[in-house]
Amino acid sequence: MIFRKKASARTGFEELEEEEDYPRENPYVHKLRMILEQVLARYQISYREFRPLLIDTDTPPESLLDEDQVEALLEQISEDLNFLRIVTDRPAYFADYIQRMYEDDGLVVQVCPKGEDFSADVNVVLDMEQQGECPLKQLREEVLYIPLYKRQWRPVENMGNLDISIPIGYNTVIVKGVL
């Protein structure tokens, strides 16, 4: 079992919450742009104002034949992006992407090492790590924290709709028509 700290409304202190262990995968990564647009709209953030911090994965693909989920995510969110900061232990991996974004769109992608606080100027954190702690304590209250693997994204079984429940910080948001 995995235990996660959770703020308690009852006591005002953090309590350990038991979380079930589940396969660390996210079948919705390939539809993330559509999901993000709905989440941003719900929080009244336009895509133009979208300033993401991407926390790179801690489990790269086991073989060169496997698709890298980080690359799939970047390809989806890149169009019309005005800001991007990547926190990673493998900056060389992103060199081609950074060069292409600069040449094609004029976007200067910022790359920072893991372990430091680089949350200034961001309004959304896209966490691709499967292990490690959630950085909620280090983030400002208005920053949306979206863990892609640390918490399970589930289909909502509500009258046959194609909705999913997405964890954002300590909350969840229902996104319509994604499956």
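**Exercise 1. A three-stranded sheet**

Work out the strand order and the pairing sense of the open sheet that has three strands, and say which strands stand at its edges.

*Solution.* Step 1: We're working with a predicted model, and in it the open sheet runs in the order β8-β9-β10 with antiparallel pairing.

Step 2: Look for strands with a single partner. β8 (154-156) and β10 (171-175) each have just one partner strand, so one side of each has no neighbour in the sheet, and these two are the edges.

Step 3: Check the twist. On average, neighbouring strands of this sheet are turned by 40 degrees against each other, direction ignored.

Step 4: Zoom in on one pair. β8 and β9 (residues 163-168) run antiparallel and are joined by three bridges. For instance, arginine 154 has serine 165 in β9 as its bridge partner. As background, strands of a sheet pair through backbone hydrogen bonds, either parallel or antiparallel.

**Exercise 2. The helix across the sheet**

Find out which residues of α1 are buried, and where they sit around the helix axis.

*Solution.* Step 1: Place the helix. α1 (residues 32-42) lies across β9 and β10, and runs at about 120 degrees to β10.

Step 2: List the buried residues of α1: Leu32, Arg33, Ile35, Leu36, Val39 and Leu40.

Step 3: Now look down the axis of α1. The buried residues fall within an arc of 155 degrees, so they line one face of the helix. Here's a handy rule: an α-helix has 3.6 residues a turn, so residues three or four places apart point the same way.

Step 4: Ask what sits on top of them. The cover over the buried residues of α1 includes α2, β6 (124-127), β7, β9 and β10.

Step 5: Follow the chain onwards. Just after α1, glutamine 44 takes a positive phi of about 55 degrees.

**Exercise 3. One residue and its neighbours**

Decide whether isoleucine 146 is buried or exposed, and find what it touches.

*Solution.* Step 1: Isoleucine 146 belongs to strand β7 (residues 144-147).

Step 2: Apply the cut-off. Buried means under 20% relative accessible area. Isoleucine 146 has 3% relative accessibility, so it counts as buried.

Step 3: Leave out residues up to four places away in sequence and see what isoleucine 146 touches: the contacts include Leu36, Val39, Trp153, Ile166 and Ile168. Two of those names should ring a bell, as Leu36 and Val39 are among the buried residues of α1.

Step 4: Compare chain distance with distance in space. Isoleucine 146 and glycine 169 are 23 residues apart along the chain, while their C-alpha atoms are separated by 6.5 Å.

**Exercise 4. Chasing salt bridges**

Which salt bridges does arginine 33 make, with glutamate 37 and with aspartate 80, and what parts of the chain do they link?

*Solution.* Step 1: Start with the idea. Side chains of opposite charge can pair when their charged atoms come close.

Step 2: Take glutamate 37. Its side chain meets that of arginine 33 at 2.8 Å, N to O. Both residues lie in α1, four residues apart, about one turn of the helix. Arginine 33 is buried at 16% relative accessibility, whereas glutamate 37 is partly exposed at 39%.

Step 3: Take aspartate 80. The salt bridge from arginine 33 to aspartate 80 comes to 3.9 Å, N to O. This pair links distant parts of the chain, 47 residues apart: arginine 33 is in α1, and aspartate 80 is in the loop between α2 (69-77) and β4 (85-88).

Step 4: Try another pair. Arginine 100 and glutamate 75 form a salt bridge, with their closest N and O atoms 2.7 Å apart. Arginine 100 is in α3 (residues 95-105) and glutamate 75 in α2, so the pair ties together parts that are 25 residues apart in sequence. Arginine 100 is partly exposed at 33%, and glutamate 75 is partly exposed at 42%.

Step 5: Zoom out. The whole structure has nine salt bridges. Lys114, Asp127, Glu129 and Lys150 are linked in a network of them.

**Exercise 5. A parallel pair**

Describe how β4 and β5 pair, and name the handedness of the unit they make with α3.

*Solution.* Step 1: β4 and β5 (residues 110-113) pair in the parallel sense over four bridges. One of the partnerships is between valine 87 and cysteine 112 in β5.

Step 2: Add the helix. β4, α3 and β5 make a right-handed β-α-β unit.

Note on methods:
Residues are numbered from 1 along each chain as its sequence is written. This is a predicted model: local features need pLDDT of at least 70, side-chain atom pairs count only at pLDDT 80 or more; totals for chains, interfaces and linings use all residues. Side-chain values use heavy atoms; hydrogens and water are left out. Two strands pair if DSSP finds at least two bridges between them. Axes are lines fitted to C-alpha atoms, for helices over the stretch in contact, and angles run from 0 to 180 degrees between N-to-C directions. Contact means heavy atoms within 4.5 Å. Buried means under 20% relative accessible area, exposed over 50%, partly exposed in between (1.4 Å probe, protein chains only). A salt bridge is a side-chain nitrogen of Lys or Arg within 4 Å of a carboxyl oxygen of Asp or Glu. A crossover is right-handed if, with the strands pointing away from the viewer, the path from the first strand over the helix to the second runs clockwise. The arc is that of the directions from the helix axis to the C-beta atoms.
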